[in-house]
Each structure stands twice: as structure tokens, then as C-alpha cells.
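Hello,

I am passing a structure on to you, since you are about to start working with it. Please have a look at it first, and then read my notes underneath.

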Amino acid sequence: MTLNVSTPSPPLAVGVDLGGTKLAVCVADCGGTVLFKRISPVEKETSVQSCEQISRTVIEALDQVQSADSQIIGIGVVVPGIYDPTTGLAWAPNLWGNEQIPLRETLESRLSRPVIIESDRSGYVLGEQWLGAGRGLNDVVFMAVGTGIGLGIMAGGKLYSGAHGIAGAIGWFAVDPTMKEIYRQIGCLEAESAGPAVARKASGQLRAGRSSLLQKLVSGQLNRLSTKMVVEAARQGDALAVEVLEEVARYLGMGVANVISVLNPDMVVLGGGLMQAADLLLEPLRREAAEWAQPVAMKKTRIELSHLGEDAGLLGAVRLVFLQQ
């Protein structure tokens, strides 16, 4: 007599990376194998619209994975901004303004499954520590440099978010003793070295009369100047563009040095949109960090680029679910 023994289906998790411009959703197993992935422009006019889009996209993802519905053990979500686990409230000013919303409660009521939420920066470091550059390290940080600057922190093998989910807001590092109005709005380090700072600094130099290839690229219309244009001009050897990126790299290096001195990580992983210009930024950044960081800690810290790229946060969101088991 032959017994038919059914093999239990492996557990799956849904990962949601809610960004300022895109929403990424995936279904993956506990080894990080992605069974389904979808990226859509984010709908962000209101918090209600954002929650509806997340819920709708998660349901659509489950419909695409055969038998996934019964295997899903939870949904991990990473958000840009601050998530306070003590209240369940999420603040994402680039999406729904200054409103704090009960995101976990709202999504759980819509999806009827456990929802685990973290900041996107925590998602980035979790993804890289699981499957990326920091694989297996217990003390690793992820410095995201894009429209803003944030730090995901893993210390002693655990995520660190602070008392109210705000830890890692390093865009507010003070790296210039002269207070400027923009520092009060977005933070000193972010104002000097996030993506928008590149275009802003170059535009200021052009308005001051500096000659540059950039003038031709924008046809005299400085409001068209983008960070991407400055990076491309620097790759072509344009002196103004090179100077701007060298200055940005100095500030970023100071930020990394402060992180190393405070946290003593095994690795600093660098990612985000601006690090697509790593060919121009990485080595100057490393040199500057070595100038400012606590020297023993600096020698023991590796500064590396992200291995997962835009998937770091999404896989980090998946990992959140499996860590709860």
C-alpha cells in the first residue's frame, strides 16, 4: 500500500517598498527567491489613495502566484519617512504631507494578514545584510544617498530605529558651522550632498558667471539643469562639474566618517540614486572619510557599494516578515 504524503507548501511573504515616486511589490520565499514582482508609479495625492494602491497591488500580486494565498505568512512594508512602532503611525511627507496615519492598522484591515512596517532605510540595510554586500554581518549600515539622505542601522544583528523610529536621520548631521536657512528645512548634510544639491551647487556657479559645458546642455535655461547633467559633464571633464562633485564627495565622506566613529560598523554600504555616479564619488568619499573618522574604527570598516540596488528595500521588506517567525 502506498501512502500519499503531501509536502507542506513553503511559506511566502509579500514585500512592499513604498517610495516617493514608485511602489514596488513582490512575493518571495524564505531564501529570497522572488516569484513575482511589480513596479508602478506611486499614487500619492492622499494617504487614502496610497493605502488603496498598496492593498490593490498586493492582491493583484497574490493573484499572479499560484496557490500563494494560503502560503502567505505576512506582509512587510518599508516607507520613506518615520514609522513609530509604539503607535503604528507613519509619517511620509513626500507622499501625504505632514499627516501621521495608522498605516499598519489600515493595511491589516484591508488585507486580513499581519503587516510589519519599518522605515525604508531599515529595509535597505536588512536587504543588504540578508542577500547583498553586508551578507551575514552583524554590524552594518546602509547609507542611502538620493533625493534625501538616510541611514539604516543594524547593530549586534538587530535593526536599530531609536525610541520613536527616527534613528538614522543623518541628513541632519551638522557638517558646516555656518547655519543656512536650507539647513533648517532639510538638514545640513542633506542640503550639501544629496542629489538635488549637485544641481543646486552647479546652478549657483553658473549664475555667478562660471563658464561650463552645462550652459550648452541647458541652452541657457538653468531651471532645466539636473543632477544627471552635472554627472555627465563631469565624466566629460568639465571643470565646474568636477568641482561640484568633489565638494559633494567631501561632505559625504564627512558623513560616513561620523557614522563610523559613532557606530563602529563592519561595513558601510552606499546606495541610492546619486551613487550611480560612484565612478566619480566613491574614491574621494573614501579618502575624506579616512581623514575624519576615528582611525582604528576606520581601518576596520569597509565602505562598499550596494549589491542589490533598487531591490534592497523590497527584499528587506520580505525579510521583515520571516524574522517575525
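**Strand β1 and its partners**

In strand β4, Ile-75 is the bridge partner of Val-14. Please keep in mind that this is a predicted model.

That bridge belongs to a set of five that join β1 to β4 (residues 72-79), and these two strands run parallel. With strand β2 (residues 22-29), β1 shares seven bridges, and here the strands run antiparallel. If you would like a place to start looking, find Asp-17, which stands opposite Ala-24 in β2. The connection between β1 and β2 is a hairpin of three residues.

How many residues of strand β1 are buried? Seven of the seven, residues 12-18, are buried, so the strand is largely enclosed by the rest of the structure. Leu-12, Val-14, Val-16 and Leu-18 point one way from β1, while Ala-13, Gly-15 and Asp-17 point the other way, and all are buried.

**An aromatic pair**

The count of aromatic pairs comes to one. Tyr-124 and Phe-142 form this pair, with 5.1 Å from centre to centre and 40 degrees between the planes. Why is it called tilted? The angle of 40 degrees is neither under 30 degrees, which would be stacked, nor over 60, which would be edge-to-face, so the pair counts as tilted.

The pair links distant parts of the chain: Tyr-124 sits in helix α5 (residues 120-131) and Phe-142 in strand β9 (residues 140-145), 18 residues apart. Both Tyr-124 and Phe-142 are buried.

Enjoy exploring it, and write back with any questions.

Best wishes

Notes:
Residues numbered from 1 in each chain as written. Predicted model: local features only at pLDDT ≥ 70, side-chain atom pairs only at ≥ 80, totals over all residues. Heavy atoms only, no water. Phe/Tyr/Trp six-rings, centres within 6.5 Å; stacked < 30°, edge-to-face > 60°. Helix = DSSP H or I, 4+ residues; strand = E, 2+ residues; numbered from the N terminus. Buried < 20%, exposed > 50% of the residue type's maximum accessible area, 1.4 Å probe, protein only. Pairing = 2+ DSSP bridges.
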